[in-house]
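Here are a few exercises to work through with the model open beside you. Try each task before you read its solution.

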Amino acid sequence: MAEFKREGSNLSSCPPVEKWDDWVEYDPEAWPRRVARHYQIIPTICFNCESACGLLAYVDKETGKVEKFEGNPKHPASRGRVCAKGPAVINQIHDPDRILYPMKRVGPRGGGQWTRTSWEEVLETFGSRIRKALQEGRGEEVMYHVGRPGYDFIMERTLQAWGIDGHNSHTNICSSSARFGYVLWHHADRPSPDHANARFILLLSAHLESGHYFNPHAQRIIDGKMAGAKIAVMDPRLSNTASMGDYWMPSYPGTEAAVLLAMAKVILDENLFDPTFMKNWTNWEEAEFDGFVAKGQTFAAFVEALKRHYAKYTPEFAEKESGVQAEVIVKVAREIATAGSKFASHLWRGSASGNLGGWQPVRALVLLHVLTGSVGTEGGHSLNAWNKFVPRPFKVPPPQQRWNELLYPPEWPLCTHEMSMLLPHLIKEGRGRLEAYFTRVFNPVWTYPDGFSWIEVLRDERLVGLHAALTPTWSETAWYADYVLPMGLSSERHDLMSQETHASKWIGFRQPVLRVFQEKQGKKVDYTYQANPGEVWEEDEFWINLSWAIDPDGSMGIRQWFESPYRPGQKITVDEYYGWIFENSVPGLAETAKKENLSPLAYMRKYGAYEVTTDVYKLNEKPLSAAELEGAKIEANGLVTRQGKPLGVMNNEKAVVGYNTPSRKLEIFSKTLVEWKWPEFALPEYYRSHVDRAAQAASLGSVTASVDRKYMPVVEWPKDANGEVFTLLPIFRLPTLIHTRSGNAKLLYEIAHKNPLWVNPIDAEKIGNLHTGDLLKVHTEIGFFVLHAWITEGIAPGVVACSHHLGRWRVNKDDHIERFSSAWVDLKEVSKGQWKMRQISAVEPYDSSDPDTRRVWWSDAGVHQDITFPVHPDPLSGMHCWHQVVRVERAGSDDRYGDIFVDTNLSHAVYQRWKALARPAPGPGNLRRPLWFPRVARPVETAFYFG
Ligand code: SF4
């Protein structure tokens, strides 16, 4: 395996692997004495974001305690480097307030009374409730709802083994819109830019400091920059990323597609595009738009029609919409064209997650890649499926027969993932209930919009029968659970992970380091909770044992999937589960391990990661094998099919795999959108956001001609409403915090603990002589929140911004709930659906087993904004459109910092308004959803049709 070390230096940033079994360092706390400490170094994987960077745990061989975490130089993606959140795992595992034992509710739900229970009781309770539900045909009432997964495939396998359609995720408050845009082009729902080899990088977000695959991507963006690449950043906020750019384009939120399409127009008009790539690899021959029918026409005629179609997106039009200067748009377009196949980009959340139609900027961005032929190239845009490796386990259950409309309701047939943020509304509408509900690293009461609607449903035992919060840390949602089940942090669990971080395919192995340490010492450990602090367990073993508890004698057909492939009829162990995968499903791993006289499992335990291949470019050109072509037919249009289903496509007289779309090409023209009632968006277009400036004006009563209510739900303020109207950007991340999971990391909170409202000086004047620190009241459609102002030119005029992560709260003063990161609040439902929250006390120093909690010097915990937002489901992607049209005014004499008010009756009405934008199923052939669209835990094909 390659060493990742800086060239030209004789300094070592990491102990060499041969010394990991006994690494000696002087104890820093014993200084100035030289006291040698001996460490066992064990690799694992960080769980503090999706990137899956490699960590090394330093276990003191004398005390058996983990003393620190550093980066694993053997990890192909992170290459020994980590962000601040990686080493902060040490704070998390030693957090004095952490939950160490399974807890069971006593008293009313939400009342805050808990008692310790055993894992056996938990398994028996949930096993019998789920068994009964399955036996009575109520499988839809069993639901697993995940925030941060941190694994690949094992939960889909578990739920399919139970035969249920019960997988719910957080994706539609995260990345559904971006995924939708990418799916329409090439089926793969995530991009994988090759930043390191790019000549020009376009980022539509603060990607360098807090993006998806943050640390692995940031390293490679800088590698690219050091090698001469230029960077352009489109973001209304002057982020650290924007400050590193050669171009900062502070576009007005929601107008990004107008800018990108103007760039496409420049490239088309100036004939700077790659005609060979476009002709060979787009489905241009299927296009029908503006009266033009491509069938039977030349490619040149298609290009002319495309030029005519995009003529309206002039740089001047884009400037008017976005505020980005036309000459900058032209300049960047030419730079992109010059970079050609070495043009990389990234758009994941940001504008995609903020705006109604946020998937259109993705459609427009990939159009730039298609025009420049930079798809699958070195230095270009690639597909997640080409750079991610998910090995199969020993036995895969068949797909479930059912379709759960609480997950995929018919109104949103094209949604990329489950309509998870609508769950309280769907339940309130009487569409179903939950018998057993597992929330896992998932805190919707806090992280989701409309958290009070979640509380209203979670507290009602008729709607949610039994709720277990599986969590490594305390959360506002866990307060409304029946069981709080402590699950391991980064270094306390097994998981197998792979991410599309760069031009490579790799796997990383997260492992419980204290268990591995004890086993190295010759101690037998049956279950991970025996080695972890308290009785903190891990999900892998929990689900295996729960599956046995549901089906103890195997008569339901569930147990068979959790029996050992090596010891028939016996319960599988985690060593056997992963050992089988490493022996059988990872190309080259067994041979590599053998060279070191190791089993594949021992190799992965030693190094923690393995690079499968770097042969990942242009995989669309991979020839179909003779076996794949057996029984296949070549259609007149060049499509290679078997039994009517596309398998590949002819390219230069060779049958190749192409892309996983119906045309096996990049779909510049989406027949799917035409067939599913959205013909106006068959080509990439500019879809006006719900925070469009005309929509803001309309909210004040001056409805303009440009507001088309068919597409845009307009906020309606009360007649006597005060204040100035702005677009609020509520989703930018701070590089050092982790959604709601960093409340247990004292050093991260010491670095960042405030989320003031960013206000441009021009707007500060408009509001009225506003200064930094002044108290503001921000009105949303359903309530308000009160916080401090921060006056800065780092935000575009007309836009205000408030960071994600902060504003954690607890309703009990001293209940060992991360007191250095949460405010103690008074929470009241003052009348039906009307909720008020007021901070009683902010953060204060306190006594605990950690002397640092007496040294807490900050008092601010921030203000919880998300709970004051209604749901905004995009009618196509299903994404919650995060940006808000808000009214901002000076706080009144009765308002206090942190005050919150919400009316959930209004939030349900907003839900209904947005639902009315949808164009429901059925689609062609009575389908619920296009058959070619990806779906997590995909059911059988017949379930895709209405019965
Ligand atoms: S980027 Fe930071 S938080 Fe994310 S996995 Fe890597 S070290 Fe952990």
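A quick definition first: a residue is buried if its relative accessible area is under 20%, exposed if over 50%, and partly exposed in between, using a 1.4 Å probe and protein chains only. This is a predicted model, where local features need pLDDT of at least 70 and side-chain atom pairs count only at pLDDT 80 or more, while totals for chains, interfaces and linings use all residues. Residues are numbered from 1 along each chain as its sequence is written, and side-chain values use heavy atoms, with hydrogens and water left out.

**Exercise 1. Ring pairs**

Task: Work out how the rings of Trp359 and Tyr687 are arranged, and whether each residue is buried or exposed.

Solution:
- Start with the criterion: rings of Phe, Tyr and Trp (its six-membered ring) pair if their centres lie within 6.5 Å, and planes under 30 degrees apart are stacked, over 60 edge-to-face, the rest tilted.
- There are 51 aromatic pairs in the structure. Warm up on Trp284 and Phe299: with centres 5.4 Å apart and planes at 70°, this pair is edge-to-face.
- Now Trp359 and Tyr687: 6.2 Å centre to centre and 85° between the planes, so edge-to-face again.
- Next, locate them, taking helices (H or I, at least four residues) and strands (E, at least two) as DSSP runs numbered from the N terminus. Trp359 is in the loop between helix 13 (350–354) and helix 14 (360–372), and Tyr687 in the loop between helix 24 (671–675) and helix 25 (693–699), so the pair ties together parts 328 residues apart in sequence.
- Finally, burial: Trp359 has a relative accessible area of 0%, so it is buried. Tyr687, at 4%, counts as buried too.

**Exercise 2. Charges over rings**

Task: Find which ring Lys68 sits over, and which one Arg935 lies over.

Solution:
- The test is that NZ of Lys or CZ of Arg is within 6 Å of the ring centre and within 35 degrees of the ring normal.
- The charged end of Lys68 is over the ring of Tyr58, 4.6 Å from its centre.
- For Arg935, the ring belongs to Trp403, with 4.9 Å to the ring centre.

**Exercise 3. An antiparallel sheet**

Task: Trace the open sheet with order 1-2-3-4 and find its edges.

Solution:
- Two strands pair if DSSP finds at least two bridges between them. Here the four strands have antiparallel pairing.
- Strand 1 (23–26) and strand 4 (66–71) are the edges, each pairing on one side only.
- For angles, axes are lines fitted to C-alpha atoms, for helices over the stretch in contact, and angles run from 0 to 180 degrees between N-to-C directions. The twist averages 40° from one strand to the next.
- Strand 3 (residues 54–60) pairs with strand 4 over five bridges, and Ala57 has Phe69 in strand 4 as its bridge partner.
- Contact means heavy atoms within 4.5 Å. Helix 18 (residues 513–520) packs on the sheet, touching strand 2 (36–45), strand 3 and strand 4, and its direction makes about 125° with that of strand 2.

**Exercise 4. A parallel sheet**

Task: Do the same for the open sheet with order 12-11-10-15.

Solution:
- The pairing of its four strands is parallel.
- Strand 12 (247–249) and strand 15 (343–346) each have a single partner strand, so one side of each is left without a neighbour in the sheet.
- Neighbouring strands are turned by 15° against each other on average, direction ignored.
- Strand 10 (residues 200–203) and strand 15 share four bridges, and Leu202 stands opposite Ser345 in strand 15.
- Helix 14 packs on this sheet, touching strand 10 and strand 15, at about 170° to the direction of strand 15.

**Exercise 5. Strand 29 and its partners**

Task: Which strands pair with strand 29 in the antiparallel sense?

Solution:
- Check its burial: four of the five residues of strand 29 (residues 775–779) are buried.
- One partner is strand 30 (residues 783–791), over five bridges. The two form a hairpin with three residues between them, and Leu776 has Leu787 as its bridge partner in strand 30.
- Another is strand 35 (residues 884–890), over four bridges. There, Val778 stands opposite Val888.
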